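Student: I would like a close look at one part of this model. Start from a single residue, work outward, and give me the numbers as you go.

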Amino acid sequence: EYGITRPAGYKVSFHYNSQVEDMHFGKTHPMKPWRLTLTKHLVLGCGLQYAMDTFEAVSATKEQVRAFHDPDYVDFLAEVSPGTFEELCKMPRFASHAPPKHDYDAVDLGPFNLSTSPGADCPVFDGMSKYLFLYTGATLAATNQLTTNQSDIAINWSGGLHHAHRAEASGFCYINDIVLSIVDMLRVYPRVLYVDIDVHHGDGVEEAFQRQPRVMTLSYHRYGPYDDTGHKFFPGTGDLTDVGLKGTVGEHFALNVPIPSGIDDRQYKYLYESITGRTIEAFKPSAIVLQCGADSLGGDRLGQFNINIKQHGECVSFVKNMGLPLLLLGGGGYTARNVARAWCHETALATDNVLPDNIPMDLVPRPEAFMGRAHGEGKMYPAFNRLHVNDCKDSDLEYMVKRLDN
Ligand code: ZL4
Ligand code: CA
Ligand code: ZN
């Protein structure tokens with residue numbers, strides 16, 4: 001219907017299992033797995049399935065997840081539910097993993113930073129184990145398509161959970177599917193570049209590879225001083241001076257681009273293309289993993305940038321044009337209708353298709369919520385109706401790009 005064709009000369013695979021859609025983190029929790037339902041409906045409504053090999057994801061095994069995570073944590077995640085949480089917490093091997101102490105702890109946290117309290121970032125909810133092992137399974141299947149040369153680009157919009165640590169859930173992330181994917185890739189590729197355009201710092205991935213010179217991590221994120229609530233923008237790490245673990249061979253194999261609120265398309269393009277371009281030239285990766293968190297879009301419920309879907313997509317095209325094996329993952333994204341439009345648009349870009357400006361909004365609930373204009377960009381996939389105050393000075397961006405010389 002939209003003249004969708006397969007890309008010429010390369011193959012794209014798409015990995016998904018609709019069982020992830022039914023999950024609820026809690027009533028007003030910002031992470032809404034049903035944004036993946038919207039994404040799927042748009043992708044199928046446009047006919048993009050004809051441009052790719054589509055795979056129904058199966059759950060990752062505990063053994064696969066242990067390639068990065070603590071064995072006790074893996075067992076806990078596999079067994080936990082709202083009904084079993086209390087009991088599991090009392091078992092000595094789990095109780096010994098004391099909850100982390102955070103200065104903002106307003107809710108009771110259990111072992112591994114998990115909690116049944118509704119105010120928690122990482123709540124224990126019904127069907128949670130199924131959800132975690134499925135999004136991980138999808139990422140691992142996508143990775144396998146690349147490492148076995150069966151696909152050139154592989155996509156999992158349900159993955160990209162970059163905050164999870166070895167034995168601790170963090171920031172809506174429980175299993176770090178990205179780390180597990182890169183560990184697999186290192187069996188085949190000499191060097192892997194990880195790029196993260198989620199509005200939050202990709203701290204879990206950076207930390208996992210902080211001593212590893214074969215993995216370069218590069219995160220673009222909101223970063224700044226304490227806000228009026230006394231918090232730093234989550235997770236509060238990822239300063240410009242953070243370049244990997246000092247005194248190890250991993251030093252200089254992490255890069256961070258801390259960004260003030262309100263950055264616009266032109267400014268983001270300048271930063272992203274100069275820094276990502278120079279990084280690829282210098283590091284010469286054999287494969288690229290791109291975390292496409294859509295909370296960097298304007299109008300996001302948690303994000304503070306003013307990026308349109310068009311520019312978000314250009315970040316995907318830029319690394320795609322390097323012609324390297326490419327894994328595209330989701331991540332954050334809290335204004336669901338914009339998440340769906342961005343990831344559908346990026347599925348089209350990955351398969352060399354162009355969608356019309358009026359991508360089928362009728363497949364998405366609340367069509368009246370589709371708003372307004374892009375700012376200065378015609379009507380190409382506008383992402384927002386609410387502008388963030390732009391605290392981003394061009395002179396500061398130049399400074400960050402110049403730092404690359406050191
Ligand atoms: C919520 O409404 O900044 C959780 C989290 C639950 C339900 C009702 C409870 C009301 C916003 C966030 C109280 C909520 C207090 N509910 C939550 C320091 C915080 C401690 C927890 O995109 N409170 C912690 C995590 C970030 C903090 C961002 C991004 C993930 C990713 C990849 C993770 N945590 C302050 C907040 C709500 C909630 C409303 C919330 N949590 C917003 N930002 C955070 O990078 C997927
Ligand atoms: Ca980021
Ligand atoms: Zn995020």
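Tutor: Val 192 is buried, with a relative accessible area of 0%. The model is predicted, so every value here describes a prediction. The cut-off for buried is under 20% relative accessible area, so Val 192 qualifies.

Where does Val 192 sit? Its place is in strand S4, which covers residues 192–196. Which residues does Val 192 touch, once neighbours within four places in sequence are set aside? Ile 182, Met 185 and Leu 186 are among its contacts. Arg 214, Val 215 and Met 216 are also in contact with Val 192. So are Phe 283, Ala 287 and Val 289. Some of these contacts can be placed. Val 215 and Met 216 fall within strand S5, residues 215–222. Phe 283 belongs to helix H9 (265–283), while Ala 287 and Val 289 belong to strand S7 (287–291). As a distance check, take Ala 8. It is 184 residues from Val 192 along the chain, and their C-alpha atoms are separated by 25 Å.

Now follow S4 to residue 196, where the strand ends. Asp 196 is buried, with a relative accessible area of 0%. Asp 196 also gives two donors to the calcium ion (ligand 2), listed as O and OD. Which other atoms serve that ion? The O atoms of Asp 198, His 200 and Tyr 220 do, along with OG of Ser 219. The protein donors lie 2.5 to 3.0 Å from the calcium ion. Ser 219 and Tyr 220 fall within S5 (215–222). In sequence, the spacing of the calcium donor residues reads D-x1-D-x1-H-x18-S-Y.

Why is the calcium arrangement called irregular? The six donor atoms subtend angles of 70 to 166° at the ion, which makes it irregular. For reference, ideal angles are 90 or 180 degrees for six octahedral donors. Note one caveat: water is not among the atoms, so sites may look incomplete.

Next comes the zinc ion (ligand 3). Its protein donors are Asp 198 (OD), His 200 (ND1) and Asp 295 (OD). They lie 1.9 to 2.0 Å from the zinc. The sequence spacing here is D-x1-H-x94-D. Two residues appear in both lists. Asp 198 gives its O to calcium and its OD to zinc. His 200 gives its O to calcium and its ND1 to zinc. How accessible are these two? Asp 198 is buried, at 1% relative accessible area. His 200 is buried too, at 7%.

The loops around these elements have features to check. Strand S5 is followed by a loop that leads to strand S6 (254–259), and Pro 235 lies in that loop. The peptide bond from Phe 234 to Pro 235 is cis, with omega near -5°. Lys 284 is found between H9 and S7, also in a loop. Its phi is positive, about 50°, although Lys 284 is not a glycine. At 52% relative accessibility, Lys 284 counts as exposed. Asp 352 is another residue other than glycine with a positive phi, near 60°. Asp 352 lies in the loop between H11 and helix H12 (394–402). With a relative accessible area of 49%, Asp 352 is partly exposed.

H11 leads to helix H1, since H11 (336–350) is part of what covers the buried residues of H1. Strand S1 (12–16) is included in that cover as well. Helix H1 runs over residues 35–46 and reaches 17 Å from first C-alpha to last, close to the 16 Å expected. Nine of its twelve residues are buried, so H1 is mostly covered. Leu 36, Leu 38, Leu 42 and Val 43 are among the buried ones, as are Arg 35 and Lys 40. Just after H1, Gly 47 takes a positive phi of about 85°.

Last, the whole protein. It has twelve helices and eight strands. Its radius of gyration is 20 Å, close to the 22 Å of the globule rule for 406 residues, so it is as compact as a globular protein of that length. Its C-alpha atoms fill a box of roughly 60 × 50 × 45 Å along the principal axes. Of the 406 residues, 59% count as buried. Among contacts between residues at least 6 apart in sequence, 76% join residues at least 24 apart. The accessible surface comes to about 16500 Å², and 52% of it belongs to carbon and sulfur atoms.

Notes: Residues numbered from 1 in each chain as written. Chains lettered and ligands numbered in written order. Predicted model: local features only at pLDDT ≥ 70, side-chain atom pairs only at ≥ 80, totals over all residues. Heavy atoms only, no water. Donors = N, O, S within 2.8 Å, 3.2 Å for Na, K, Ca; no water. Tetrahedral: all angles 85-135°; square planar, octahedral: opposite > 155°, others 65-115°. Buried < 20%, exposed > 50% of the residue type's maximum accessible area, 1.4 Å probe, protein only. Helix = DSSP H or I, 4+ residues; strand = E, 2+ residues; numbered from the N terminus. Expected span 1.5 Å × (residues − 1). Contact = heavy atoms within 4.5 Å. Rg over C-alpha atoms; globule rule 2.2 N^0.38 Å. Areas by Shrake-Rupley, 256 points an atom, 1.4 Å probe, with all protein chains shown as cover.
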